[in-house]
Amino acid sequence: MGCALLHFPLIFPSTDKLLKELILPFEQRLDQLAEFLVDVKPTLKFDIAPLYDPFGPSITDANLKCIVVSEETFKGGLSVNRRRAENNLSELALHKINLAVDPQHARNEEEKISSSSLRYRLLGTLLCAPQKNPSLPSSPYIIGLTGGSGSGKSSVAQYLFRLGAFHLDMDRFGHNIYTPGGPVYRQVIEAFGPDILNEDGTINRKLLGAKVFGDQEQMNQLNNIMWPVMAQMAKEKIEEAAKQGKAVCVLDAAMLLEAGWTKMVHEVWTVIIPENEAIRRIIERDGLSSEAAKLRIESQMPNSQRVKHSHVVLCTMWEPEITHEMVDKAWALLQKRIKSEIDT
């Protein structure tokens with residue numbers, strides 16, 4: 001029996017896979033497949049080969065006699081036989097099977113049993129257990145919410161606020177602390193010069209941005225000025241949330257991971273969206289050109305990297321009511337975790 005398993009990502013990373021960031025590493029999928037095959041038939045002989053191209057060993061292995069296809073992959077089987085003919089190899093028998101129907105598929109999932117649907121069901125669930133940090137208060141339970149531009153992070157934060165969370169908007173802090181009289185106003189002017197000021201003495205964000213974007217040294221200088229002050233303000237707000245008796249506090253920050261603020265939270269929740277949809281939203285929202293929107297996305301931490309550091313992942317690519325259902329699920333599971341912590 002021959003089995004092929006896509007090594008993701010390698011030479012041909014799939015860019016159209018739904019929720020590709022949640023695809024397990026190749027080695028883990030390899031182990032799971034081997035375990036499954038042995039469980040089906042312990043005496044079964046098999047060879048699992050990673051695919052470095054769309055065909056793998058199917059067009060070069062003379063020992064193969066048959067290839068199993070579905071309605072969806074039947075044309076691919078025909079392509080395999082054409083390539084085998086070019087390589088002077090015998091034609092493979094095409095054994096077509098029906099796809100198994102998933103009786104539990106949701107309204108926005110495929111009817112067939114699908115890895116995409118299984119990944120969708122991971123959204124809002126706890127992907128990995130958070131490590132306990134004794135330096136954090138037991139209450140409120142702090143969620144670090146992050147996501148790239150256009151991801152829908154702000155809409156998720158607002159919905160969590162409606163569910164009862166204390167909302168701590170770090171991005172707004174960042175805008176407010178360098179207003180006239182703000183804690184870093186003079187530091188920013190001293191570091192980047194008076195030419196970033198408007199006539200009324202306020203700092204022109206576009207002029208400041210022009211100096212730091214694309215210049216990592218300048219960006220680091222600005223972050224070193226702002227991030228410690230923002231972190232201190234966040235701690236004060238968390239204390240305020242505790243006094244109000246809030247059970248959950250959402251620390252909403254686009255730069256949560258980059259700034260090292262994960263030390264301030266119990267869990268990291270990340271909102272993701274396919275890159276093409278993020279670009280479309282940025283163009284529509286901010287009036288940027290397609291090229292400028294793409295550059296903004298490329299300058300950020302990629303979704304795959306964010307997900308690696310996340311305990312919960314959410315996605316806003318569907319209708320708002322589906323996003324709300326997903327956040328409701330994440331919130332309900334969070335309440336169970338908090339109750340379990342209290343009980344122990």
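Strand β6 (166-169) runs parallel to strand β7 (residues 248-252), and four bridges join the two. If you would like a residue to click on, try His167, whose bridge partner in β7 is Val250. Please keep in mind as you look around that this is a predicted model.

From this pair you can step out to the whole sheet. It is an open sheet of five strands, in the order β6-β7-β5-β8-β9, with parallel pairing. β6 and β9 (312-315) are the edge strands, each pairing on one side only. Neighbouring strands of the sheet are turned by 25° against each other on average, direction ignored.

Now move along to β5. On one side, β5 pairs with β7 over five bridges in the parallel sense, and here Gly144 has Leu251 of β7 as its bridge partner. β5 also pairs with strand β8 (residues 267-272), again in the parallel sense and over five bridges; Thr146 is matched there with Thr270 of β8.

How buried is strand β5? Seven of the seven residues in β5 (residues 141-147) are buried, so the strand is largely enclosed by the rest of the structure. You can follow this on both of its faces: Tyr141, Ile143, Leu145 and Gly147 point one way, Ile142, Gly144 and Thr146 point the other way, and all are buried.

The loop leading into β5 is worth a look too. Pro140 sits in the loop between α3 (115-120) and β5, and a cis peptide bond with an omega of about 5° joins Ser139 to Pro140.

Let us turn next to helix α4 (153-163). Its buried residues are Lys153, Val156, Ala157, Tyr159 and Leu160. Seen down the axis of α4, these buried residues fall within an arc of 165°, so they line one face of the helix. The spacing makes sense in general terms: an α-helix has 3.6 residues a turn, so residues three or four places apart point the same way. Just after α4 comes Gly164, with a positive phi of about 125°.

Both α4 and β6 lead us to the second largest pocket, since each of them supplies at least two residues of its lining, as do α5 (170-176), α7 (205-212), α8 (216-243), α9 (275-286) and α10 (290-298). Which helix gives the most? That is α8, with eight residues in the lining. The second largest pocket holds about 1,800 Å³ of space and is lined by 48 residues. To find its middle, look for His175, Phe213, Ala254, Met255 and Gln300, which lie nearest the centre. By class, the lining has 17 nonpolar, 18 polar and 13 charged residues.

To finish, visit two residues in loops that have a positive phi although they are not glycines. Leu19 has a phi of about 55° and lies in the loop between β1 (2-6) and α1 (26-40). Asn88 has a phi of about 60° and lies in the loop between α2 (74-86) and β4 (93-96). Is each of them buried or exposed? Leu19 has 5% relative accessibility and so counts as buried, whereas Asn88 is exposed, with a relative accessible area of 71%.

How values were computed:
Residues are numbered from 1 along each chain as its sequence is written. This is a predicted model: local features need pLDDT of at least 70, side-chain atom pairs count only at pLDDT 80 or more; totals for chains, interfaces and linings use all residues. Side-chain values use heavy atoms; hydrogens and water are left out. On a 1 Å grid over the protein atoms alone, a cavity is a set of points where a 1.4 Å probe fits but cannot get out, and a pocket is an open set with protein on both sides within 12 Å along at least five of seven lines; lining residues have an atom within 4 Å of a point. Grid points are joined across faces, edges and corners, and a volume is the space filled by probe spheres set on the points. Ala, Val, Leu, Ile, Met, Phe, Trp, Tyr, Cys and Pro count as nonpolar, Asp, Glu, Lys and Arg as charged, and the others, Gly among them, as polar. Buried means under 20% relative accessible area, exposed over 50%, partly exposed in between (1.4 Å probe, protein chains only). The arc is that of the directions from the helix axis to the C-beta atoms. Two strands pair if DSSP finds at least two bridges between them. Axes are lines fitted to C-alpha atoms, for helices over the stretch in contact, and angles run from 0 to 180 degrees between N-to-C directions.
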